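Here is a short tour of a protein fold and its charged side chains. Take a moment with the sequence and the model before reading on.

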Amino acid sequence: MAILKNVEAKIRQVEGFPVHFFQNGVNINGNKEDIPQYPYSVKAPGDWTVAEWISKRFSQTYPGYDAKVFDANGVPVAMKNVKLTTIRKK
């Protein structure tokens, strides 16, 4: 198991965008322990939407948590139908 800030860093490294974990509407502290490491080493397809990534990867790996996704510049992604290609770092 890993520390949350390391999991968030791995997601950013693999997927090309930052993510913050939330639980019951509260941003989880980055020092929280016993979080499973992000199991993917290849980024999700760019034509997936943010909603698809959350349902197919994030929610499957981290049940009980919600994700807030940011674009590569750190701006929160408000619409879940945005394609991953448009939010990834260039």
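What follows goes from the overall fold to the salt bridges.

**Overall fold**

This is a predicted model. The protein contains three helices and three strands, and their order along the sequence is α-β-β-α-β-α. If you like a quick check on packing, try the radius of gyration: for 90 residues a compact globule would come out near 12 Å, and the protein has 12 Å, so the two agree. Along the principal axes, the C-alpha atoms occupy a box of roughly 30 × 25 × 25 Å.

How much of the protein is buried? Buried residues account for 40% of the 90 residues. The contacts tell us about the chain's path as well: of those between residues at least 6 apart in sequence, 69% join residues at least 24 apart. On the outside, the protein exposes about 5,200 Å², with carbon and sulfur atoms supplying 52% of that area.

**Charges and salt bridges**

Turning to charge, there are 13 positive and 8 negative side chains, and the centres of these two sets lie 5 Å apart. Side chains of opposite charge can pair when their charged atoms come close. Here, the structure holds three salt bridges, listed below.

| Salt bridge | Closest N to O distance |
|---|---|
| R57 and E15 | 2.7 Å |
| R88 and E15 | 3.1 Å |
| E52 and K56 | 3.4 Å |

Let's start with the salt bridge between R57 and E15. This pair links distant parts of the chain, with R57 in helix α2 (residues 50-61) and E15 in helix α1 (residues 4-15), 42 residues apart. Both R57 and E15 are buried.

E15 also forms a salt bridge with R88. R88 sits in the segment after α3 (84-87) while E15 belongs to helix α1, so this pair ties together parts that are 73 residues apart in sequence. Are these two partners buried or exposed? R88 has a relative accessible area of 8%, so R88 is buried; E15 is buried too, with a relative accessible area of 0%.

The salt bridge between E52 and K56 lies within helix α2. These residues are four apart in the helix, which means about one helical turn separates E52 from K56. E52 counts as partly exposed at 25% relative accessibility, and K56 is partly exposed with a relative accessible area of 39%.

Which residues are joined into one network by salt bridges that share partners? They are E15, R57 and R88.

How values were computed: Residues are numbered from 1 along each chain as its sequence is written. This is a predicted model: local features need pLDDT of at least 70, side-chain atom pairs count only at pLDDT 80 or more; totals for chains, interfaces and linings use all residues. Side-chain values use heavy atoms; hydrogens and water are left out. Helices (H or I, at least four residues) and strands (E, at least two) are DSSP runs, numbered from the N terminus. The radius of gyration is taken over C-alpha atoms; the globule rule is 2.2 Å times the number of residues to the power 0.38. Buried means under 20% relative accessible area, exposed over 50%, partly exposed in between (1.4 Å probe, protein chains only). Contact means heavy atoms within 4.5 Å. Accessible areas come from the Shrake-Rupley method with a 1.4 Å probe; for residues, only the protein chains shown count as cover. Lys and Arg count as positive and Asp and Glu as negative; His and the chain ends are not counted. The place of a charge is taken as NZ of Lys, CZ of Arg, CG of Asp or CD of Glu. A salt bridge is a side-chain nitrogen of Lys or Arg within 4 Å of a carboxyl oxygen of Asp or Glu.
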